[in-house]
Structure formats: C-alpha cells, structure tokens
Amino acid sequence: SAQLYIETEVKNYSNTDVASITIENQLQDENGAIVATVAENVDLNGANPESFQQKLPLLDSPKLWSPEHPYLYKLVTTVRQEGKVLDHLETPYGIRWISYPQNRNDGDMRFHLNGKPYFINGTCEYEHNMGRSHSFTEEMIGARVNQMISGGFNAFREAHQPHNLRYQEHWDKEGVLFWSQFSAHIWYDT
C-alpha cells in the first residue's frame, strides 16, 4: 500500500481575506480514472501564500514506477471558489520504494528499488551549450535525453543547479532515475 501526503501552496492576490476556497486533489491513473481524492475548504487571510497539507486515502496495491515500467499517475489539483475554478494544475506522479543499505539490516549492501536490488549506471551533465548557456529548446533537451538513454544510462544527476524542468518530464516518462543537485553557487540575481 502507499500513503500520499500533499502540500498545496495558495496565494491570495487580493487585498482582502477570501473565505470558502476549496482545494481538491485527485490522483488519476494513466487512463484518467480517479484512484483517490481529497478536498478541503479553507479561508485565505491577507496576501501571503499559505500552505495546506492533505492526505489521500490509503492506496492498496499501487502500480509502482520503475525504469522497466515507468508508470505515472497524475495528481490533479483544483482550487475553486463557489464552484468556479480559480486554478488547476496537473502533476505527473510516480510511486516507488527505494532503500539504501544504511536503512536495512539484511546485510545486502546494494541499492534497492521496489524491494529488489537495482544497479545504477548513471551520468551527470552540466546544462550548458556554447553560445546559449542554459537556453535549451525542447528538441535539444530531447536529443540529450536520447543520447544518454542510447548510451545505456539508467540514472541522471544534474550538475551544479536544477536543469530545465523539461528534463524531469523525460526522465519520468522514459524510466530514468533522477537526482537533482541544488545550486552549488549562485548564478542568478533573483
């Protein structure tokens, strides 16, 4: 089984308090069927962002994401006021179970994915392109992803800063394990 916890941040862009906002989160399978749902009515005070935590009902026998079978659910977040949709976001969502030797007492010193030993053959990339820096088109990102998969890699780590979010979409769909590296140094002035 799997227990999913969700945190939704909502910002009130008006200067007044807003009452009776509904935050609904639905987990859908790959065919769009609703697997689990949770909704909560909240009030937004002032213009500061507020975070709301929700817990989906326990999922029995969820389909697990793995490099061999990169199964993705879709988490659909909808914010409503008096039935009117104010915001809507769809997030691909894979469920997997990882375990490192330090977490287990079985003497097995290997990395485990979904309860089985898994050999990681990974690479790392600096998201730079001569003359373009971090400016990549969808086609350029797709080409880099295909090069890494063609090279036999099953894992990817970004170098020095999170890369374009399009990479993540490819890794999730193509079944590549992924580690993000947060900024090692500051590149931006914002």
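**Exercise 1. What percentage of the 190 residues of the protein chain count as buried?**

*Solution.* The structure is a predicted model, in which local features need pLDDT of at least 70 and side-chain atom pairs count only at pLDDT 80 or more, while totals for chains, interfaces and linings use all residues. Residues are numbered from 1 along each chain as its sequence is written, and side-chain values use heavy atoms, with hydrogens and water left out.

Step 1. Fix the term: buried means under 20% relative accessible area, exposed over 50%, and partly exposed in between (1.4 Å probe, protein chains only).

Step 2. Apply the term: 36% of the 190 residues of the protein chain count as buried.

**Exercise 2. State how many helices and strands the protein chain has, and give their order.**

*Solution.* Step 1. Helices (H or I, at least four residues) and strands (E, at least two) are DSSP runs, numbered from the N terminus.

Step 2. The protein chain has two helices and twelve strands.

Step 3. Along the sequence, their order is β-β-β-β-β-β-β-β-β-β-α-β-α-β.

**Exercise 3. Identify the residues of the largest nonpolar core and the contacts of Leu27.**

*Solution.* Step 1. A nonpolar core is a set of buried Ala, Val, Leu, Ile, Met, Phe, Trp, Tyr and Cys residues joined through side-chain atoms within 4.5 Å.

Step 2. The largest such core has twelve residues: Ala2, Leu4, Ile6, Leu27, Ala36, Val38, Leu56, Leu59, Tyr71, Tyr73, Leu75 and Ile95. Strands β3 (34-44) and β5 (73-81) each supply at least two residues of this core.

Step 3. Contact means heavy atoms within 4.5 Å. Neighbours within four places in sequence being left aside, the contacts of Leu27 include Leu4, Ala36, Leu56, Leu59, Tyr73 and Leu75.

Step 4. A second, separate core has nine residues, among them Val145, Tyr167, Trp171 and Phe178.

**Exercise 4. Is Asn154 buried or exposed, and which side chain does its own side chain join in a polar contact?**

*Solution.* Step 1. Asn154 is located in the loop between α1 (138-150) and β11 (155-158).

Step 2. Asn154 is buried because its relative accessible area is 14%.

Step 3. A polar contact is a pair of N or O atoms within 3.5 Å; within protein, one must be able to donate a hydrogen and the other to accept it, and residues adjacent in sequence count only if both atoms are side-chain atoms. The side chains of Asn154 and Tyr118 are joined by a polar contact of 3.3 Å.

**Exercise 5. Classify the exposure of Gln168.**

*Solution.* Step 1. Gln168 belongs to helix α2 (residues 165-174).

Step 2. Its relative accessible area is 24%, so Gln168 is partly exposed.
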